[in-house]
Amino acid sequence: MKVDGKPYRTIWPIDDGRAVRVIDQTKLPFEFCTLDLCTVADAAIAIKTMIVRGAPLIGATAAYGMMLAMRNDSSDNNLAAAYKLLLATRPTAVNLAWALGRARDVLTPLPSPGRITAAFELAKEICDSDVIANASIGDHGLELIRKARRPGRDRINILTHCNAGWLATVDWGTALAPIYKAHDQGLPVHVWVDETRPRNQGAALTAWELNKHGVPHTLIADNAGGHLMQHGEVDLCIVGTDRTTSTGDVCNKVGTYLKALAAHASGVPFYVAAPSSSIDWSLKDGVNEIPIETRNAREVTHLSGRGIDGRVQEFQITGEGTSALNIAFDVTPSKYVTGLITERGVCEANQNSLATHFPDMKDV
Ligand code: MRU
């Protein structure tokens, strides 16, 4: 996507693969800047501290992290150490284990001199296929948006949670890809952007992205979605997923489940944009089997933002002695999911439909 007229991806190799450049998402929306990752440790820190985040981008960064590790030392020992270091960065998005598993499978049988080039090619392939998959999700989701248009209404209202836009992927985004395609085709889309406490990915990232692309949107407090749905102000919800079970349960940023419940109660279609890289074919019961990340309580007790002096600062919002729990994801059971928008089309959130769309993957 373009930033001020210049096309960007969220991650790309520089200096013939000696380093990898990423957009530092911790600085948005106030500053757009890039950062160079030169070692596997840099890649691990970038994922852990959420300089890069979003399930597909985490996987892509891990793949390039393996390439940086191989550049430094392509021995079996370092391959195993890099895999372990990167896998430990964040637990919930399965794209991380998926990309690392692919890297390990490709690199392990190779003699060590060939591993650098192979790791580079694999990372590039993971990035390119992410872009293709997301563009395809955009095409399939566009048709759902078109159908959601109600006669006599001047706009199509779509609610989204967190950031599943191009910043969360290599390009296009998952949940936002259909919205960009609809907007580009002249459909009058308007997006309700959940702020997405505690880290505010909606306010800081989704709103920034939509603004840069000129898509009409309105930021809402996380708790406002239910009211808007009750009053007919949401035509459909589209969110992303960090891990999808083989049975169609989806795990996404905390608060997604409550939106799905509200959508169910109000008869609002609730779609999840789910690239196949987010499907964990080994799991059947999302609520009990998906590992849920808990993060530092400080993300709940503090907020960061721009003060009236223009400086970005952190503010404490609680009194002394208040403890907090920071659960980063929740699971929406498949019964609340109207459909999964995959790169191979829209499927029902159940085992049969997923297996029919992905017969070549269901046994992995
Ligand atoms: O903690 P984050 O910012 O990595 O969480 C991101 C999300 O929950 C996204 O909705 C998800 O990764 C789907 S992304 C295309």
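This is a short dialogue on reading the ligand site and some backbone features of a predicted model.

User: Where should I start with the ligand, and which residues come nearest to it?

Analyst: Start with the residues around the ligand, where near stands for a heavy atom within 4 Å. Here there are 19 residues around the ligand, and Arg 53, Arg 90, Asp 242, Asn 252 and Lys 253 come nearest.

User: How many residues of that shell are nonpolar, polar and charged?

Analyst: The shell around the ligand holds seven nonpolar residues, eight polar ones and four charged ones.

User: Which polar atoms lie 2.9 Å from an oxygen atom of the ligand?

Analyst: A polar contact is a pair of N or O atoms within 3.5 Å. Arg 53 places a polar side-chain atom 2.9 Å from a ligand oxygen atom. With Gly 54, the partner is a polar backbone atom, 2.9 Å from an oxygen atom of the ligand. Ala 55 also uses its backbone, with an N or O atom 2.9 Å from a ligand oxygen atom.

User: How much of the ligand's accessible area does the protein cover?

Analyst: On its own the ligand has 410 Å² of accessible area, and the protein covers 100% of that. The ligand takes up the space of the largest cavity. Helix H2 (55-72) and strand E11 (250-253) are the elements that give two or more residues to the shell around the ligand.

User: Why is the ligand said to lie between domain 1 and domain 2?

Analyst: The ligand lies between them because domain 1 (2-129) and domain 2 (139-357) both give residues to its shell.

User: What should I look for in the backbone?

Analyst: Look for exceptions, because most peptide bonds are trans and most residues other than glycine have a negative phi. The bond joining Leu 28 and Pro 29 is cis, with omega about 10°. Pro 29 sits in the loop between strand E4 (19-23) and strand E5 (34-37). Another cis bond runs from Arg 197 to Pro 198, with omega near 10°. Pro 198 is in the loop between strand E7 (189-194) and helix H7 (201-213).

User: What is the phi of Asp 15, and where does the residue lie?

Analyst: Asp 15 is a residue other than glycine with a positive phi, near 50°. Asp 15 belongs to the loop between strand E3 (11-14) and E4.

Key
Residues numbered from 1 in each chain as written. Predicted model: local features only at pLDDT ≥ 70, side-chain atom pairs only at ≥ 80, totals over all residues. Heavy atoms only, no water. Polar contact = N/O pair within 3.5 Å; in protein donor to acceptor, adjacent residues only side chain to side chain. Areas by Shrake-Rupley, 256 points an atom, 1.4 Å probe, with all protein chains shown as cover. 1 Å grid on protein atoms, 1.4 Å probe; cavity = no way out; pocket = protein on both sides within 12 Å on 5 of 7 lines; lining within 4 Å. Sits in = over half its atoms within 2 Å of the grid points. Helix = DSSP H or I, 4+ residues; strand = E, 2+ residues; numbered from the N terminus. Nonpolar A, V, L, I, M, F, W, Y, C, P; charged D, E, K, R; others polar. Domains from an automatic or database assignment.
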